[in-house]
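Please look over the structure below before reading on. The briefing that follows takes up its pockets and cavities, then its cysteines, and then some points of the backbone.

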Amino acid sequence: MVVPSRHVDFLKQPLSFWLATASKDRIPEPIKCTGIAFDPLTDIFTCFAPLKFATKGIKHLQENPVISLVSVELHTYEGYQYKGPYLSHRDCTAHEVEFQVQYLKEFTDTLALFGYSASGFHNAYFHPPFVAILFQANQVFDQSPKNGTGGELDKRQL
Amino acid sequence: MSVEVENLVSQLEEANRKMETIRKVSFELNRLMTLPEKLHSILAILSEQFGVANSLILIPDQNNSVLTVFASHGYDTSIIGRQVPLGQGIVGLSAQRKKHINLTGIRRKQHYLATVSKEGDLDIVSPIGLPDAESQVAIPLLSNDELVAVLMAESRNFCVFDKADESFLITLAQPLAVSIQNSMLYDSMEEKIRERTAELQRLNRTKDKFFSIISHDLRGPVTSFQSLTRLFSHYNKQGESEKIESLCTMVDQSVDNLNHLLENLLDWSLSQTNGIQCFFERISLKDFIQRIVEIYQVNISSKEIDVRLVVGEDLQIIADHHTLATVFRNLISNSIKFTPRRGSLVISAATNDDIVLVQLKDTGVGMDCARLSTLFQLQGQRTTSGTEKEKGTGLGLVLVKEFMELNRGKISVESDPVTGTTVTLQLPRDVNR
Amino acid sequence: MNDPQVKLEEIMPALQGVIPAIVATSSLARIPNATYISQVYYVDGNHVALSYQFFNKTIRNVRENPILVTIVTCPVEYVLHKLTLRYVESQTSGEVFDNMSMQLDALAIVQHKEGIFKLKAADIYEVISIEKI
């Protein structure tokens with residue numbers, strides 16, 4: 001498994017999540033995630049996103065099934081990028097929608113501490129229906145901003 | 001189509017509004033007023049036009065090293081006088097580089113920099129204005145590329161100053177700079193006028209004194225000449241040649257006196273117009289004083305005053321001959337004038353490192369405290385007749401003080417009506433000797 | 001969607017760096033990459049600039065595949081816009097570079113960290129499209 005075990009707890013925080021896809025013509029597409037679920041046993045990420053944000057990305061994944069997920073902690077800017085093959089996508093379950101509601105609340109509350117508007121962000125991101133996109137991470141990169149950033153995490157650091 | 005027209009209409013209205021603002025601002029800026037009034041007026045206009053709650057104007061010092069808050073709007077008054085070095089903070093950097101800065105989202109950006117650098121403790125320079133500003137714009141006000149002032153506006157809200165506001169403020173920057181410069185000139189001109197007026201008043205007083213001396217103090221000796229010539233004529237007719245001989249002696253004395261007065265007058269008028277040129281040379285003190293005492297030998301003898309010199313043969317000083325001679329002439333003639341018959345005058349000199357102290361101690365009538373306190377002042381000067389009604393112009397001591405200062409020396413006087421007067425002079429010694 | 005093309009001037013508040021922007025790129029091998037950046041800077045009606053402070057995957061991708069897509073958020077209305085950009089060039093001098101550099105300096109100086117945050121270059125991008133999302 002490539003994802004370090006200490007990431008399990010890290011990923012449970014209300015981090016900022018974004019997905020990225022690329023078309024076969026190499027056109028990239030960012031997708032706002034409204035929560036993720038991570039299975040450390042399989043390194044499979046289930047990423048939730050509003051369908052309206054994910055439509056183009058999903059099309060990309062049909063022709064180029066590679067996806068990246070970036071997750072950043074808002075106070076310390078600690079961040080990682082997980083890359084791997086796209087597995088599948090589907091509609092979110094009611095439970096997963098509920099999870100996203102909860103995540104967004106925590107996420108926007110954190111943003112409010114920085115002087116932003118929690119409701120502003122909520123209205124920007126909360127757009128049902130939601131989809132779940134699954135991929136398996138086979139690479140993990142350190143995204144924390146510093147010189148020499150982006151380095152792939154040594155598997156021995158797990 | 002109608003959306004485009006709407007946009008055009010709105011742009012036109014905005015342009016009109018800006019023109020109106022410029023017109024208003026120009027009118028205000030052209031009014032002549034002192035610097036503090038000008039700065040407050042500028043901030044008030046900007047606050048009204050831009051709805052800015054917090055703004056400052058800072059002025060650089062002469063060395064362009066530090067900015068000082070001269071005017072503020074929206075802060076409490078303690079911010080006036082606060083300083084920031086050029087190059088420090090958003091305001092200082094804008095001033096140093098003479099370029100405007102417009103930042104927003106400041107707190108997050110500061111947090112980001114602080115977090116990612118992790119170089120030791122977070123050591124943030126206290127901002128000059130709001131501690132939690134989110135938006136800040138700093139505009140340097142330049143005139144002929146010279147930094148006249150810096151205008152800073154800030155807010156706790158995001159995105160308060162958009163590009164259009166920024167451009168507008170930059171457009172106003174130059175006329176603002178020129179206007180502030182005009183006020184500074186106005187203030188400094190007022191200051192110069194005050195100084196010139198004071199100088200003119202001083203010169204006026206000098207001129208008044210001059211005329212007063214000419215009209216009063218010199219008339220006396222001249223009138224006495226008239227009496228003397230009448231006496232000459234009378235004694236001549238009578239054939240009393242001995243009396244004529246004694247008259248000649250009196251004339252001699254009177255002429256000496258008059259000469260002395262005129263020399264003082266000339267010296268004084270020269271000193272008032274800064275016409276005195278000092279030439280410093282080595283002077284042998286004993287000989288110097290001796291020669292001056294000899295000028296007054298007739299008066300000394302006629303009043304039987306005992307004059308003694310206690311000055312070392314080798315003692316030399318560095319001084320200007322002419323002005324020092326005036327000092328001693330006046331002091332010695334004063335001593336003689338105010339010492340009664342058979343009194344004494346002792347002139348002594350002592351050294352102390354590289355100065356020489358000369359003392360003139362007489363057994364004269366002395367002065368009371370009131371007289372002593374106004375001794376060297378032109379205003380307080382009223383001529384005093386000597387013990388045998390000798391006349392003076394009252395300029396003598398004023399000159400003495402001025403000339404002692406020109407010779408890099410000092411004078412002090414002690415006196416009382418019982419023991420007499422002691423004048424102490426301090427002069428630079430010729431240490432090369 | 002038949003919205004008229006959004007102009008860059010209309011989304012100026014989103015280009016002030018108040019809310020960080022997400023940037024997505026793709027390598028020649030079609031591997032997507034996503035990263036946060038502090039600010040997308042306005043240059044003119046058709047161009048924006050991103051700051052290049054240290055070499056990373058985004059820079060590497062853009063040098064081989066010039067298309068970059070970023071999503072910016074307006075801090076006043078909280079509206080999202082997706083900008084599709086094409087990398088033009090890297091500037092190490094000139095007005096854009098100087099302004100970006102000075103903004104960085106103005107912030108760093110307050111923390112006595114002037115030497116640490118140095119702008120390597122201003123990467124200029126042409127705006128291909130702007131879409132409200």
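## The second largest pocket

In this predicted model, the lining of the second largest pocket draws at least two residues from each of several elements: β5, β6 and β8 (139–142) of chain A, α4 of chain B, and β2 (32–37), β4 (47–52), α1 (57–64) and β7 (121–132) of chain C. The volume of this pocket is about 710 Å³.

- The second largest pocket has 36 lining residues, and those that lie nearest its centre are C:T35, C:Y36, C:I37, C:F54 and C:N56.
- Sorted by class, the lining of the second largest pocket comprises 16 nonpolar, 13 polar and 7 charged residues.

## Cavities

- The structure contains 6 cavities of 30 Å³ or more, and the largest of these cavities has a volume of about 250 Å³.
- Around the largest cavity there are 21 lining residues, with A:L74, A:L111, C:I19, C:P20 and C:Y36 lying nearest its centre.
- The elements that each give at least two residues to the lining of the largest cavity are β1 (16–22), α3 (94–112) and α4 (118–125) of chain A, together with β1 (21–26) and β5 (67–73) of chain C.
- The lining of the largest cavity is made up of 16 nonpolar, 2 polar and 3 charged residues.
- The second largest cavity has a volume of about 160 Å³, and 13 residues line the second largest cavity, of which B:K109, C:S38, C:Y41, C:L104 and C:L107 are nearest its centre.
- Two or more residues of the lining of the second largest cavity come from each of α4 (106–117) of chain B and α2 (95–110) of chain C.
- In the lining of the second largest cavity, 7 residues are nonpolar, 5 are polar and 1 is charged.
- C:Y36 lies among the residues nearest the centre of the largest cavity, and C:Y36 is also one of those nearest the centre of the second largest pocket.

## Cysteines

- Over all chains, the structure holds 0 disulfides; A:C33, for instance, is in no disulfide, and the nearest cysteine sulfur to A:C33, which belongs to A:C47, is 4.6 Å away.
- The 4.6 Å between these sulfurs lies beyond the 2.5 Å within which a pair of cysteine sulfur atoms counts as a disulfide.
- A:C33 has a relative accessible area of 1%, and therefore counts as buried, whereas B:C278, with a relative accessible area of 25%, is partly exposed.

## Points of the backbone

- Most peptide bonds are trans, and most residues other than glycine have a negative phi.
- The peptide bond that joins A:P128 and A:P129 is cis, with an omega of about 5 degrees, and A:P129 lies in the loop between α4 and β7 (130–136) of chain A.
- A:Y77, which is not a glycine, has a positive phi of about 60 degrees, and A:Y77 is found in the loop between β5 (66–72) and β6 (79–91) of chain A.
- A:Y77 counts as buried because its relative accessible area is 12%, which is under the 20% limit.
- B:D145 is a residue other than glycine with a positive phi, near 60 degrees, and B:D145 belongs to the loop between β5 (135–143) and β6 (146–155) of chain B.
- B:D145 counts as exposed because its relative accessibility is 55%, which is over the 50% limit.

Methods. Residues are numbered from 1 along each chain as its sequence is written. Chains are lettered from A and ligands numbered from 1 in the order in which they are written. This is a predicted model: local features need pLDDT of at least 70, side-chain atom pairs count only at pLDDT 80 or more; totals for chains, interfaces and linings use all residues. Side-chain values use heavy atoms; hydrogens and water are left out. On a 1 Å grid over the protein atoms alone, a cavity is a set of points where a 1.4 Å probe fits but cannot get out, and a pocket is an open set with protein on both sides within 12 Å along at least five of seven lines; lining residues have an atom within 4 Å of a point. Grid points are joined across faces, edges and corners, and a volume is the space filled by probe spheres set on the points. Helices (H or I, at least four residues) and strands (E, at least two) are DSSP runs, numbered from the N terminus. Ala, Val, Leu, Ile, Met, Phe, Trp, Tyr, Cys and Pro count as nonpolar, Asp, Glu, Lys and Arg as charged, and the others, Gly among them, as polar. Buried means under 20% relative accessible area, exposed over 50%, partly exposed in between (1.4 Å probe, protein chains only).
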